[in-house]
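Good morning, everyone, and thank you for making room for this one today. I would like to walk you through a structure that is probably new to most of you, taking a few places in turn.

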Amino acid sequence: MSETIEKLKGKSKSGSLAAGLNILLPGVGYLYCGRVILGIIVLPFVIGLIYVQPYAAITIWIVLIIDGFLAAGRYNKKLEAKINAAMKTCPQCAEKIMPEAKVCKHCAYKFDSTPETKSA
Ligand SMILES: [Zn+2]
């Protein structure tokens, strides 16, 4: 279980990288943040708009750069919620700790070695 948490922690996205990718090619920052459909739609839209309304395209491009940065933040927030859901809460100090922990690293509270029984 903690391997999953470690994997999730490693998946956090950099906002500046997402913004930078959207500078190079609009929409690629969204692909990086896991928003595949949005990323695929945005690229031909902005490239097509450059030929019709170049100023509008540049304005949208700038908005996409900023939103690429924010998209990484939104992604990381969802990831953090997933990580928090996977962790257990210490009954004594209410800190989040790894699900396999037998002793709380914050207050040294000892958990029962018997696994939690789930009512069927
Ligand atoms: Zn504790």
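Before we look at the first side chain, let me fix one term: a polar contact here is a pair of N or O atoms within 3.5 Å, where, within protein, one of the two must be able to donate a hydrogen and the other to accept it. Please also keep in mind throughout that what you see is a predicted model.

With that term in hand, let us start at lysine 88, which has its place in strand E1. The side chain of lysine 88 reaches the backbone oxygen of proline 99 at 3.4 Å, and that is a polar contact because the limit for such a pair is 3.5 Å. You might ask whether lysine 88 is buried or exposed. Lysine 88 counts as buried, because its relative accessible area is 18% and the cut-off for buried is under 20%. Leaving aside neighbours within four places in sequence, lysine 88 is in contact with Glu95, Lys96, Ile97, Met98, Pro99, Ala101 and Phe111.

Let me stay with this part of the chain for a moment and turn to two alanines. Alanine 94 is found in the loop between strand E1, residues 88–89, and strand E2, residues 96–97, and although it is not a glycine, it has a positive phi of about 65 degrees. Alanine 108, which is found in the segment after E2, also has a positive phi of about 65 degrees without being a glycine. As for accessibility, alanine 94 is exposed, with a relative accessible area of 56%, and alanine 108 counts as exposed at 51%.

Now to helix H2, where I would like to go through the reasoning with you. The buried residues of H2 are Gly15, Ala18, Ala19 and Asn22. They cover an arc of only 95 degrees around the axis, and therefore they lie on the same side of H2. Why would residues with such a spacing share a side? An α-helix has 3.6 residues a turn, so residues three or four places apart point the same way. On the other side of H2, Ser16 and Leu24 are exposed. What, then, covers the buried residues of H2? The cover includes helix H3, residues 28–32, and helix H5.

One of those buried residues deserves a slower look, and that is asparagine 22, which lies in H2, residues 15–24. Asparagine 22 counts as buried because its relative accessibility is 0%. Its side chain reaches the backbone nitrogen of valine 28 at 3.4 Å, and a polar atom of that side chain lies 2.8 Å from the backbone oxygen of leucine 64. Not counting residues up to four places away in sequence, asparagine 22 touches Gly27, Val28, Gly29, Tyr30, Trp61, Leu64, Ile65 and Gly68.

Gly27 brings us to helix H4, since glycine 39, which has its place in H4, also touches Gly27, together with Tyr30 and Leu31, again not counting residues up to four places away. Glycine 39 and glycine 27 are twelve residues apart along the chain, and their C-alpha atoms are separated by 4.1 Å. Glycine 39 is buried, with a relative accessible area of 3%. Glycine 48 is found in H4 as well, residues 36–52, but at 33% relative accessibility it counts as partly exposed. Between glycine 48 and valine 28 there are 16 Å from C-alpha to C-alpha, with the two residues 20 apart in sequence.

Finally, let me turn to the empty space. Rolling a probe the size of a water molecule over the atoms shows where empty space is left. The second largest pocket has a volume of about 220 Å³, and its lining consists of Leu8, Lys11, Cys33, Arg35, Ala71, Arg74, Tyr75, Lys78, Leu79 and Lys82. Which helix gives the most to this lining? It is helix H5, residues 54–86, with six residues. The lining residues divide into five nonpolar and five charged, with no polar ones.

Among the lining residues is Lys11, found in the loop between helix H1, residues 2–10, and H2. Lysine 11 counts as partly exposed, at 45% relative accessibility, and, leaving aside neighbours within four places in sequence, it is in contact with Tyr75 and Leu79.

Technical notes
Residues are numbered from 1 along each chain as its sequence is written. This is a predicted model: local features need pLDDT of at least 70, side-chain atom pairs count only at pLDDT 80 or more; totals for chains, interfaces and linings use all residues. Side-chain values use heavy atoms; hydrogens and water are left out. On a 1 Å grid over the protein atoms alone, a cavity is a set of points where a 1.4 Å probe fits but cannot get out, and a pocket is an open set with protein on both sides within 12 Å along at least five of seven lines; lining residues have an atom within 4 Å of a point. Grid points are joined across faces, edges and corners, and a volume is the space filled by probe spheres set on the points. Helices (H or I, at least four residues) and strands (E, at least two) are DSSP runs, numbered from the N terminus. Ala, Val, Leu, Ile, Met, Phe, Trp, Tyr, Cys and Pro count as nonpolar, Asp, Glu, Lys and Arg as charged, and the others, Gly among them, as polar. Buried means under 20% relative accessible area, exposed over 50%, partly exposed in between (1.4 Å probe, protein chains only). Contact means heavy atoms within 4.5 Å. The arc is that of the directions from the helix axis to the C-beta atoms.
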